Amino acid sequence: QIAAAEKFTSFIKTTGVTGTSTTIKVDLEHSNDGVNWSLKTSLVAGGTAITSTYTATPQDTGTTTVGGALMRIAVTLGGTTPGAYVEIWLTGRTLD
């Protein structure tokens with residue numbers, strides 16, 4: 001159902017961060033076939049440093065790219081032996 005939304009807001013929280021120079025990147029991706037995925041928007045830009053606890057409340061107002069039929073969230077941790085508990089709440093809204 002989330003792919004039917006045109007605007008998104010999210011809450012992203014990390015805890016239990018381990019590793020050296022740990023970073024996070026969170027992307028909202030979309031696809032029409034479930035095989036070929038492309039970036040809709042970056043919720044947290046790559047290289048964002050995280051320490052013991054990190055929170056963010058990014059939004060996608062729907063003005064950049066129209067979404068495909070399917071959506072997913074891609075989380076990438078960087079640094080040396082990175083680790084973290086990552087919680088993400090994503091809420092979508094349609095204009096109907």
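**Strand pairing, core and side-chain contacts**

Val26 stands opposite Val44 of strand β2. The model in which this pairing appears is a predicted one. Strands β1 and β2 run antiparallel and are joined by seven bridges. Together they form a hairpin with six residues between the strands. Within this hairpin, Gly34 adopts a positive phi near 75°.

The overall fold contains five strands and zero helices. Along the sequence, the pattern reads β-β-β-β-β. The C-alpha atoms fill a box of roughly 45 × 25 × 20 Å along the principal axes. The protein has 96 residues, and 28% of them are buried. Its accessible surface amounts to about 5600 Å². Carbon and sulfur atoms account for 50% of that surface. Contacts in the protein often span long stretches of sequence: among those between residues at least 6 apart, 77% join residues at least 24 apart.

The largest nonpolar core comprises twelve residues. Both members of the opposed valine pair, Val26 and Val44, belong to this core. The other members are Ala5, Phe8, Ile12, Ile24, Leu28, Leu43, Ile50, Tyr54, Ala56 and Met71. Three elements give two or more residues each: β1, β2 (residues 38-49) and β3 (residues 54-56). Strand β1 supplies the largest share, with five residues.

Tyr54 illustrates how the core residues meet. Leaving aside residues up to four places away in sequence, Tyr54 touches Ile12, Ile24 and Val44, among others. These three residues are also listed in the core. The remaining contacts of Tyr54 are with Lys13, Thr14, Thr48 and Ala49.

Which aromatic rings pair in this structure? A search of the whole structure returns one aromatic pair. The rings are those of Phe11 and Trp89, with centres 5.2 Å apart. Their planes meet at 50°, so the pair is classed as tilted. An angle over 60 degrees would have counted as edge-to-face, and one under 30 degrees as stacked. The pair links distant parts of the chain. Phe11 lies in strand β1 (residues 7-31) and Trp89 in strand β5 (residues 70-93), and 78 residues separate them. Phe11 is partly exposed, at 30% relative accessibility. Trp89 is also partly exposed, and its relative accessible area is 44%.

Charged side chains add further links. The count of salt bridges comes to two. One of them joins Glu29 and Arg72, with an N to O distance of 2.6 Å. Glu29 belongs to strand β1 and Arg72 to strand β5, so this bridge ties together parts that lie 43 residues apart in sequence. Glu29 is buried, with a relative accessible area of 14%. Its partner Arg72 is partly exposed, at 37% relative accessibility. The side chains of Lys25 and Asp27 form a salt bridge as well, at 3.4 Å from N to O. Lys25 counts as partly exposed, with a relative accessible area of 32%. Asp27 is buried, at 7% relative accessibility. Each bridge thus pairs a buried acidic residue, Glu29 or Asp27, with a partly exposed basic one, Arg72 or Lys25.

Positive phi values also occur outside glycine. Ser21 is not a glycine, yet its phi is positive, at about 50°. Ser21 sits in strand β1. Its relative accessible area of 59% places Ser21 among exposed residues, because the cut-off for that class is over 50%. Thr81 is another residue other than glycine with a positive phi, near 45°. Thr81 is located in strand β5. Like Ser21, Thr81 is exposed, and its relative accessible area is 64%.

Strands β1 and β5 recur across these results. The aromatic pair of Phe11 and Trp89 connects β1 with β5, and the salt bridge of Glu29 and Arg72 does so too. Strand β1 also pairs with β2 through seven bridges and gives the largest share of the core.

Notes. Residues are numbered from 1 along each chain as its sequence is written. This is a predicted model: local features need pLDDT of at least 70, side-chain atom pairs count only at pLDDT 80 or more; totals for chains, interfaces and linings use all residues. Side-chain values use heavy atoms; hydrogens and water are left out. Rings of Phe, Tyr and Trp (its six-membered ring) pair if their centres lie within 6.5 Å; planes under 30 degrees apart count as stacked, over 60 as edge-to-face and the rest as tilted. Helices (H or I, at least four residues) and strands (E, at least two) are DSSP runs, numbered from the N terminus. Buried means under 20% relative accessible area, exposed over 50%, partly exposed in between (1.4 Å probe, protein chains only). A nonpolar core is a set of buried Ala, Val, Leu, Ile, Met, Phe, Trp, Tyr and Cys residues joined through side-chain atoms within 4.5 Å. Contact means heavy atoms within 4.5 Å. A salt bridge is a side-chain nitrogen of Lys or Arg within 4 Å of a carboxyl oxygen of Asp or Glu. Two strands pair if DSSP finds at least two bridges between them. Accessible areas come from the Shrake-Rupley method with a 1.4 Å probe; for residues, only the protein chains shown count as cover.
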